[in-house]
Amino acid sequence: MVSRGVAVIVALLALNLTVSCHASLQYGFYKGKCKNQDVETIIRNIVTASWFGDQKIVAGLLRLQFHDCFVRGCDASLLLDGPTSEKTAFPNLTVFGYDLIDQIKAALESACPGVVSCADIIIAATRDAVVLAGGQKYEVQLGRRDGTVSQASLVNLPAPEISVPAAIQFYAQRGFSTRDMVLLLGAHTVGVTHCSIVNSRLYNWNGSGKPDPNMDPFYVMVLQNVACPIGQTFDNFVFLDDPSSVLKVDNSYYNQLLRKRGILPIDQGLALDPTTKPIVQQLAGNNGLFLSQFGQALVKMGAFQVLTGTQGQIRKNCRRVN
Ligand code: HEM
């Protein structure tokens, strides 16, 4: 009888352990965990103040979430400092927003030390920024924990010249559909790239000595003359979306693609490839649809390979492991 009781207790303990190791993300995860403070409100207030100072933060955070989540999952590994950490890998050299995350983390550490993960801060702050820029509000589930490994050699993000079929495969291997991919690339509705990345499309596409015929010739001329003239001594930036809408989260990016005004090869490719073109057309014609589905795509990306329960740690400082 006693041994049966012990067996039941052991089984219950094992179950509890399993649950805590494989805990899942939750809505309102921090409710009641940060004294009487509301974690998501603290984050939103700081993001809002930052956005009023510089609306480019929306682009910074969206890209930061992507580059964090697609390398070892959404575990804030991108935030770790170090001579060979992810930050030092080429695609991450122009990522920004780290200071804002530090600021939010400092506020949360003073409200309730050791409670809120850096990985959750990235997800909630990005959501708040998207909403400020005109996106539709979406709920985020929290409860991520922070990773302890960050190596530049593990950064395997797609290059801007990736073909659409290869990009579809890249996303599919990680459990994302073609539609998810087209929606997530909708993040290019905000932000910039650089002439060094666009110049081959403007001047020497595929070694032809000519511009990419799939770019609107008028747009080519504007970019050649205004943003990226030959001989320019600095690496100027180029808006990824229509300049009048580049700070706004909306479907104008897809409309630009249909007008052959996509900037990165992968952007324009979405409107050329027969698999992705119908999705681009649909999103270009329906801003409400884009806004609601973009949020959901970000939620899906934010749940990619997360650490929960007893995995990882809650870093005290987002730049260092404890
Ligand atoms: C096949 C997938 C993707 C490729 C090849 C790609 C590539 C790029 C490149 C080359 C840039 C310009 C970087 C620079 O010149 O500094 C860029 C910018 C950007 N990307 Fe992507 N990207 C992809 C997907 C995504 C996703 C999924 C998101 C977020 C959900 C995202 C968000 C951004 C944002 C917001 C910017 C502008 C950053 C700024 O203004 O500083 N990208 N991307």
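His194 has a side-chain N or O atom 2.8 Å from an oxygen atom of the ligand, which fits the polar-contact cut-off used here (a pair of N or O atoms within 3.5 Å). This is a predicted model, where local features need pLDDT of at least 70, side-chain atom pairs count only at pLDDT 80 or more, and totals for chains, interfaces and linings use all residues. Numbering runs from 1 along each chain as its sequence is written, and side-chain values use heavy atoms, leaving out hydrogens and water.

**Other contacts to ligand oxygens**
- Thr193 also brings a side-chain N or O atom to 2.8 Å from an oxygen atom of the ligand.
- Val192 uses its backbone instead, with an N or O atom 2.8 Å from a ligand oxygen.

**The iron**
- His188 is the single protein donor to the ligand's iron atom, with NE2 2.1 Å away; donors here are N, O and S atoms within 2.8 Å of the metal (3.2 Å for Na, K and Ca), and with no water among the atoms, sites may look incomplete.
- His188 sits in the loop between helix 7 and strand 1, with helices (H or I, at least four residues) and strands (E, at least two) taken as DSSP runs and numbered from the N terminus.

**The shell around the ligand**
- There are 25 residues around the ligand, and Thr94, His188, Val192, Thr193 and His194 come nearest; a residue counts as near if one of its heavy atoms lies within 4 Å.
- Helix 3 gives the most, with four residues.
- Domain 1 (26-157) and domain 2 (164-298) both give residues to the shell, so the ligand lies between them; the bounds come from an automatic or database domain assignment.

How values were computed
A polar contact is a pair of N or O atoms within 3.5 Å; within protein, one must be able to donate a hydrogen and the other to accept it, and residues adjacent in sequence count only if both atoms are side-chain atoms.
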